[in-house]
Amino acid sequence: MKKFFKVLGVIALLIVVYSLFQGLLTGLAMVVFVVYAIIAGKIDVNAIATYGDAQAFMENPVMEGYVTDAMAWGLFLSAINMLLFIHLTRLFRLRMSIFGSIARRPLVFSTFLVFTSMFALNIFVQWFPLEDMLTDQFEGLTHTLLGAFTISVLAPVLEEVMFRGAIQGYMMRRFRRPWLAIVVAGLVFGIFHMNPVQVVYASLLGIIFGWIYYRTRSLLSVIVGHVLNNTIATITMLFFADTSEAELIGENFSPVTETAMEVMMFLGFAAVSVLLAIKLHRMLPPVQVPWSDACDGE
């Protein structure tokens, strides 16, 4: 029971600290941009009172761009600070050895496994009436250079260090029950996104990431896969946000045909994912007991 509460404490600590970083740094960035807009004469100080409330003020055309920029800077700075926090608390030590901790073949197979699993899960979640509440926010961030970089590269690095390296690694060293650690870290990863469609998708993908991390003992493979996943999502949002599904696949297919195609694609990607997982499992040596990460050597 004591170990259980320690795990809950670690999870709560990481989520609370990250939330504080994101809230405080985004707020600070917003203040900086507002002050800049006032000094630059882009906002009339005397006209601020006419907006009536803070929400109306933030939604006016002049401020919309600054809000997005502030969110991008807040996300970027909070990710940097969170990585330092995790490193300094020794929950996961960031070392350059992370980039050489896995052989080339397992890295290639695990990356392809993430790629095929990602497509299978994308099709799977479309079959459920799940709301996407963050589309506008995500689209806005992808149209800024800093926002696109943070979403595509920095956020995946942080999330893998936080959920796989810190939370899953901590649980596996304490409980020595791999699947418990993998599933819990994956579910926390999904719930952390606070977006119905992402909760399901990220939880399932997080479990796959967790298994890859467990078998390879390396964060590099899951970071590469996660960066790939987010980069494709960013590119899709940038170039195909206004393109309907009918325009992408054509309008000559009936709903039954479209469903059949989706099922076939799902089964195909799922089957390839299983084969890649089996191949990856067989090419790697047995997992050490007690489990230890290849980078931190605990």
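This passage describes the charged and nonpolar surface patches, one helix and the salt bridge of a predicted model. Because the model is predicted, local features need pLDDT of at least 70 and side-chain atom pairs count only at pLDDT 80 or more, while totals for chains, interfaces and linings use all residues. Residues are numbered from 1 along each chain as its sequence is written, and side-chain values use heavy atoms, with hydrogens and water left out.

A convenient place to begin is the surface. Lys2, Lys3, Lys6, Arg174, Arg176 and Arg177 gather there in a patch of positive charge. Patches are built from residues with over 30% relative accessible area and no salt bridge, joining like charges within 9 Å and nonpolar side chains (Val, Leu, Ile, Met, Phe, Trp, Tyr) within 5 Å. Accessible areas come from the Shrake-Rupley method with a 1.4 Å probe, and for residues only the protein chains shown count as cover. Lys and Arg count as positive and Asp and Glu as negative, leaving out His and the chain ends; each charge is placed at NZ of Lys, CZ of Arg, CG of Asp or CD of Glu. Helix 1 (residues 2-39) supplies the largest share of this patch, 3 residues. Helices are DSSP runs (H or I, at least four residues), numbered from the N terminus. Arg174 sits in helix 6 (residues 145-175) and is partly exposed, at a relative accessible area of 35%. Here buried means under 20% relative accessible area, exposed over 50%, and partly exposed in between (1.4 Å probe, protein chains only).

A second patch, this one nonpolar and of about 420 Å², is made by Trp127, Phe128, Leu130, Val263 and Leu267. Trp127 belongs to the loop between helix 4 and helix 5 (135-142) and is partly exposed, with 35% relative accessibility.

Turning to helix 4 (residues 104-125), its 22 residues should span 32 Å, and the end C-alpha atoms are indeed 32 Å apart; the expected span is 1.5 Å times one less than the number of residues. Arg104 is found in this helix and is exposed, at 73% relative accessibility. Its C-alpha atom is separated by 9.8 Å from that of Ser221, 117 residues away along the chain. Buried residues of helix 4 include Pro106, Leu113, Met118 and Val125.

Finally, the structure holds 1 salt bridge, defined as a side-chain nitrogen of Lys or Arg within 4 Å of a carboxyl oxygen of Asp or Glu. Arg164 pairs with Glu160, their closest N and O atoms being 2.8 Å apart. Both residues are buried and lie in helix 6, 4 residues apart, about one turn of the helix.

Notes: Helices (H or I, at least four residues) and strands (E, at least two) are DSSP runs, numbered from the N terminus.
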